[in-house]
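Me: Please take a close look at the part of this model around the ligand. I would like one connected walk through it, in plain words.

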Amino acid sequence: MHAVDDGLLRRREAIGELGDALRLLVENATATEAPTEELLRAAERIRQAAAPLGERVRTRFDSATADDLIAGVRLYNPVTGAGSALAPPVEIHREGTVAIGTCTLGLAFEGPPSYAHGGVSAMLLDQMLGYAVTHSGNPGMTGRLETTYRRPVPLHTPLRLTGEVVGVENRRVTATGTIACADEPGRVLVEATGLFIALRAEQAQRLFGPVLSRRYQEPRAG
Ligand SMILES: CCCCCCCCCC(=O)SCCNC(=O)CCNC(=O)[C@H](O)C(C)(C)COP(=O)(O)OP(=O)(O)OC[C@H]1O[C@@H](n2cnc3c(N)ncnc32)[C@H](O)[C@@H]1OP(=O)(O)O
C-alpha cells in the first residue's frame with residue numbers, strides 16, 4: 001500500500017518537474033533572441049526529447065493515472081496544473097468563502113505588447129469562479145462568463161485573483177471574480193460574472209460517464 005502511495009507521490013512530483021521544465025522552455029522560446037541556427041538546433045533537440053513521452057499515451061477518455069478525479073487532483077489543468085506547459089500555474093487557496101489565486105504571467109501570455117491576452121484573463125477567471133462554485137458544494141459547468149476589462153493586466157508582475165459565489169438559485173449558481181496586481185489588490189484590472197449550471201444526473205452520466213467508468217470501474221492495462 002505504501003509502495004503504491006510513494007509511487008504515486010513520486011510520479012506527481014516528476015510531473016511537476018516536467019511541467020516546470022516545459023514552462024521554462026515555453027517562456028525562453030517566447031522571449032529568445034538567440035541566433036537563428038540555435039533555434040533550429042533547439043527544435044531538433046526538443047523533438048528528440050518529446051519522442052519517448054509520446055510512446056505511451058492516453059486518449060481523451062482516459063484520465064491521467066496520477067490524477068484523482070474524485071478528490072479533484074488535476075495535474076494537467078491548463079490554469080492550475082503543475083504538469084501543464086500552458087498553466088502559469090495559478091495557485092489557489094481559500095480565505096473563508098473567497099477563492100484567492102496567485103500567479104505571474106510570462107511573455108507567452110502576451111496580447112497587447114507587455115500586457116496579458118484578454119482570453120487568458122477570461123480563462124483564469126473561469127477557473128477562479130469554477131473553483132469557488134465547486135467548493136461551495138454546488139458544482140456546475142460554466143454557462144455564461146461575462147468579462148469586463150477595466151485596465152490591462154501587466155506581464156511579469158505578481159497577480160492576485162479572486163472568485164466567490166454570490167447566489168444559488170436551483171441549478172443556477174452565480175459567481176464573481178477579479179484580477180488585480182498583488183501589490184495593489186483594491187485596484188481591479190479585470191472582473192467577471194459567471195453563471196454556472198449544475199448538471200442533471202443523466203447529463204453528468206452522458207458527459208463524464210465514459211471517463212469515470214474507464215478509470216474507476218474497469219481495470220487499467222499495466
Ligand atoms: C476544484 C476544481 C475547479 C474546477 C474549475 C473548472 C473551471 C472551468 C469550468 C468550465 O470551463 S466548464 C466548461 C465550459 N462550459 C461548458 O462546456 C458548458 C457547455 N454547456 C452545456 O453543457 C449546457 O448548456 C449546460 C449544462 C451548461 C446547461 O444545459 P442544460 O440543458 O442543463 O440547461 P437547461 O436548459 O436545463 O437550463 C437550466 C437552467 O440554466 C439556464 N441556462 C442554461 N444554460 C444557460 C446559459 N448558457 N446561459 C444562461 N442560462 C442558462 C436555463 O435558462 C435554466 O434556467 P431555469 O432553471 O431558471 O429555467
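Reply: Start with α3, which supplies the largest share of the shell around the ligand, 5 residues. Helices here are DSSP runs (H or I, at least four residues), strands are runs of E of at least two, and both are numbered from the N terminus. This is a predicted model: local features need pLDDT of at least 70, side-chain atom pairs count only at pLDDT 80 or more, and totals for chains, interfaces and linings use all residues. Residues are numbered from 1 along each chain as its sequence is written.

Now the whole shell. It holds 17 residues. A residue is near the ligand if its C-beta atom, placed from the backbone, lies within 6 Å of it. The closest are Gly-130, Met-141, Thr-142, Gly-143 and Ile-197. Three elements each give at least two shell residues: α3 (118–135), β3 (141–149) and β6 (188–197).

Next, the classes. The shell has 5 nonpolar, 8 polar and 4 charged residues. Ala, Val, Leu, Ile, Met, Phe, Trp, Tyr, Cys and Pro count as nonpolar; Asp, Glu, Lys and Arg count as charged; the others, Gly among them, are polar.

Step back to the chain. Its domain assignment, which is automatic or from a database, gives domain 1 (1–84) and domain 2 (91–205). Their C-alpha centres lie 24 Å apart. The contact takes 6 residues from domain 1 and 7 residues from domain 2. Contact means C-beta atoms, placed from the backbone, within 7 Å. On the domain 1 side, the touching residues are 3 nonpolar, 2 polar and 1 charged.

Conventions: Contact = placed C-beta atoms within 7 Å.
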